[in-house]
Amino acid sequence: MKRILFCAKDLDYGGIEIGLINWLEKMNDCDYQIDLLLESKSGAFLEKVPKKVHIITYHSLKCKNRLLNKILKKINLCYWILKLKGKYDFVFSYTPYVYDFSVIGHHISKQNAIMGHTNYLQNYHGDYEKTKWYFKTFQYLKYQHVIFVSKEGKTVYNEMFPEIKNSMYIPNFLNDTNILNGSKENIEETLSEPYFINVSRHEEESKAISKIIEACAILDKKKLDFQLYLVGDGPDHEWYQKQTKKLHLEHKIHFLGYKKNPYPYLKKAIAYISSSNYEGGPIAAYESLILGIPVISTKVGTIQDDLKESGILVEHNTKDIANAMETMLKQKKKIKPFQVKKYNNQIKKSYQKLIGE
């Protein structure tokens, strides 16, 4: 039996965390003993961790004195490396932006991988030097494998470090069983149709939901019949509500908050809208495709390859999003559900080959 370790920040609401839960569930029938090292044993998805996965909490040492705190952090990091070294056949640094985990991953096992969850050049607004700084600081070049969930992210990394041959592309798993079963549940709210929907963390820098709100203002001026439901929460939640009020769109835009099961809300939407500035594999967009719901998406991540007949790709601006929304309202497009089983089987084979039997 292979012993596998995943290192992650927490299991709070977000696409990266959903990707991790999907991995644990889809690989649950493999002959692996999996441990999950969390910086914080917290988050909405804790209860979704499969029972056979053992959770370890990463305890850190802290004090108010800056110099002493720096020394304590180094001592703590060395302690954890010594504690875990040699115990695992394969280690994944799943949230590499936690610096300690980016170091631990390649020190405790020769068989290791670090994740690339997005196109980091987009993440750093096209700043080439800052992007290189990120990869070097968080130890990407020291890993045996770098796994990108988008082809864009892999291409950027390869162009920056052509001499390093450690990158590969493996997209995120999609949990079709949970999505299809969850979509059958009843919801308390009465939703006015036709409606668009977005399910994401409410954080403007990456998700750019303000563009969707502004697009709604354009459609509202044209007196078009539609609603928008925003599912999620985050640091910019109240700002989005204020923006909606400022544009006098309370009759069009509705904030539903975090939903443990968003799928009944997705299944009746006229389209899902993703306005992200950067993404790896936009999971909620793929979940919509599984339910047969077309997607309007900015040109980010893996979704670009799968919207040829299943939605509309748009530029990163309000006008394009508004035009796509209007097109969807007029066409009321129906699509064939995404062929998820074939997609997941290929991902599973890729990871089994990587880890080894």
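What volume does the largest cavity have? Hold that thought for a second, and keep in mind that what we're looking at is a predicted model.

Okay, the answer: about 40 Å³ for the largest cavity. If you set the bar at 30 Å³ or more, the structure holds one cavity. So who's lining the largest one? Here's the roll call: Gly 19, Trp 23, Tyr 94, Met 115, Pro 171, Asn 172, Phe 173, Ile 347 and Tyr 351. Two elements give two or more residues to that lining, namely helix H1, spanning 15-26, and helix H14, spanning 340-355.

Next, have a look at Thr 95. You'll find Thr 95 in the loop that runs between strand E4, residues 90-93, and helix H3, residues 99-108. Is Thr 95 buried or exposed? Buried, because its relative accessibility is 2%, and the cut-off for buried is under 20%. As for its company, leaving out residues up to four places away in sequence, Thr 95 touches Cys 7, Ala 8, Lys 9, Ile 16 and Phe 101.

Now let's go out to the surface. There's a nonpolar patch here of about 460 Å², and the residues making it are Leu 61, Leu 67, Leu 68, Ile 71 and Ile 75. Let me pick out Ile 75, which sits in helix H2, residues 66-84. Why does Ile 75 count as partly exposed? Its relative accessibility comes to 48%, and partly exposed covers the range between the 20% and 50% cut-offs.

That's my tour, so over to you.

Notes:
Residues are numbered from 1 along each chain as its sequence is written. This is a predicted model: local features need pLDDT of at least 70, side-chain atom pairs count only at pLDDT 80 or more; totals for chains, interfaces and linings use all residues. Side-chain values use heavy atoms; hydrogens and water are left out. Helices (H or I, at least four residues) and strands (E, at least two) are DSSP runs, numbered from the N terminus. Buried means under 20% relative accessible area, exposed over 50%, partly exposed in between (1.4 Å probe, protein chains only). Contact means heavy atoms within 4.5 Å. Patches are made of residues with over 30% relative accessible area and no salt bridge: like charges are joined within 9 Å, nonpolar side chains (Val, Leu, Ile, Met, Phe, Trp, Tyr) within 5 Å. Accessible areas come from the Shrake-Rupley method with a 1.4 Å probe; for residues, only the protein chains shown count as cover. A salt bridge is a side-chain nitrogen of Lys or Arg within 4 Å of a carboxyl oxygen of Asp or Glu. On a 1 Å grid over the protein atoms alone, a cavity is a set of points where a 1.4 Å probe fits but cannot get out, and a pocket is an open set with protein on both sides within 12 Å along at least five of seven lines; lining residues have an atom within 4 Å of a point. Grid points are joined across faces, edges and corners, and a volume is the space filled by probe spheres set on the points.
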